[in-house]
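Let's take a walk through the enclosed spaces inside this protein. Keep the structure open beside you as you read.

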Amino acid sequence: MDSVTRVGRNDPCPCGSGKKYKNCCLKKDRAKRIRDSAWRREEQVTLDKLIAFAQRPALNRQLVVAFNLFWNGNYGVEGWNALDRDENGRFLDWYVHDYRLEQRKERIIDLFLEEMDATLLTGERERVRAWSGSYMSAYRIAGPGEQGSLSVVDVFQAAGETVADDGMGQLSVPGDLILGRLLRSSTPPHFSWAAILLSAGLEPELVSFISKARKQHLETHTYTSWSDFLSNLGYMFNHYLLRAAAEAERPTPTAGAYYDASRTVEQLRQAEGRLRERAAREADERRREEKPPTQEDVESLRQTRGGIFLPGNVHYKGSKDLKK
C-alpha cells in the first residue's frame, strides 16, 4: 500500500472489495510491513559482512585503485576523507559489486562467495548470489504501480520493470530517472540503498554519454551486451555526473531529492590541491637533502670567534647569546 496514502481502519478497503479496511486487507498489509522490515534487517546484516570483507587489509591497494577509478582522479585516502558518508557509500556499492581485481579479474562479491561461502547462512548465500547478477543502470520512472510498487523502464535496454518503491516514487515525478542497481533478491526487485534520483532533463545527455562510451568499448569487445557493459563500466555513470557538475558555471540548484555532484566536485578539487601541496613540499625537502653544497653555500658560512662555523644568517653576540 502506498505509504503516503493513509487508510483508516473504518475506511473502504483500497482493494475495492467494498468491506471496511479493518475487515479486509489491514492484517495482510500489516504482516507485509513486518516481513519487509525483517527482510531489510537481514539484508543489512549481509551487506555489512560484504563491505567488511571488501575493506580487509589484503585489499587495501585494490580499494585505492578502485576509488581513483570511480572518482576519475588520483585521490587515495585524501579523497576518501574529503567525501561524506553517502558519497563513499555510493562508491562502496559499486566497488563490492562491479570492480574487477587487477590481477584475478574477479569481482569482490565473487571473491566473497568463494572464500566466505562456508560461513554464510542459506538465505545469505542466495541473497548474495542474486546480488552478483546486478549492475548499474538508469531507469525512467513511468508511474506508481500497485501496492507500493513503482513502474520503471531501463533507458538503455527499453525493458519495463515493476519494482518496490522505497520512497523514490514519493520524491519524483514520472519521467525522472533512478540511477542505481536493481537487486533481484526480493519480489518485486528493489534498488540498492545507494540509488540516486536525477531529474528528467538529464536523460538525453546521460544516454548520449554512456552510449558513446559503449560504442568505444565495442571496438575492442565486439560481443559485449548492454548488461555486461554496464557491469564492467558502471563507473562511467559517475564520470558523467562529475563532468556535468564540473562544467557547470555555478552549482545547479536542485529541487527536492535530486542528486547534485557539485559539492563533491569541490571537495575532490580541494583534496587534489592538498595532495599537490604535499607533493611539492616533499619534493622540495628531497631536493634540499640531496643538493650538494655550492660555492655560495660555503661562502655563506661565517667563522665565529670560537672557530665554529655557523650559517650566515646566525650572528654571534657572545658566548651566551646566539640569535637569529
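In this predicted model, α4 (85-98) and β4 (177-183) each supply at least two residues of the lining of the largest cavity. The top contributor is α4, which gives three residues to that lining. You can follow the wall of the largest cavity through Phe70, Arg90, Asp93, Trp94, Met136, Leu179, Gly180, Ala194, Ala195 and Ile196. By chemical class, this lining comprises seven nonpolar residues, one polar and two charged. The space enclosed here has a volume of about 80 Å³.

How many cavities of 30 Å³ or more does the structure hold? The count is four, so there is more to explore once you leave the largest cavity.

Move on, then, to the second largest cavity, which contains about 50 Å³ of space. Its lining is made up of Glu43, Leu47, Asp93, His97, Trp131, Leu183, His190, Ser192 and Trp193. Here α1 (26-54) and α4 each provide at least two of the lining residues. Sorted by class, the residues around the second largest cavity are four nonpolar, three polar and two charged.

With both linings in view, it is worth pausing at Asp93. This residue belongs to the lining of the largest cavity, and Asp93 also lines the second largest cavity. The helix α4 likewise turns up twice: it supplies at least two residues to the lining of the largest cavity, and α4 does so for the second largest cavity as well. If you rotate the model, Asp93 makes a handy landmark for finding both linings.

Notes: Residues are numbered from 1 along each chain as its sequence is written. This is a predicted model: local features need pLDDT of at least 70, side-chain atom pairs count only at pLDDT 80 or more; totals for chains, interfaces and linings use all residues. Side-chain values use heavy atoms; hydrogens and water are left out. On a 1 Å grid over the protein atoms alone, a cavity is a set of points where a 1.4 Å probe fits but cannot get out, and a pocket is an open set with protein on both sides within 12 Å along at least five of seven lines; lining residues have an atom within 4 Å of a point. Grid points are joined across faces, edges and corners, and a volume is the space filled by probe spheres set on the points. Helices (H or I, at least four residues) and strands (E, at least two) are DSSP runs, numbered from the N terminus. Ala, Val, Leu, Ile, Met, Phe, Trp, Tyr, Cys and Pro count as nonpolar, Asp, Glu, Lys and Arg as charged, and the others, Gly among them, as polar.
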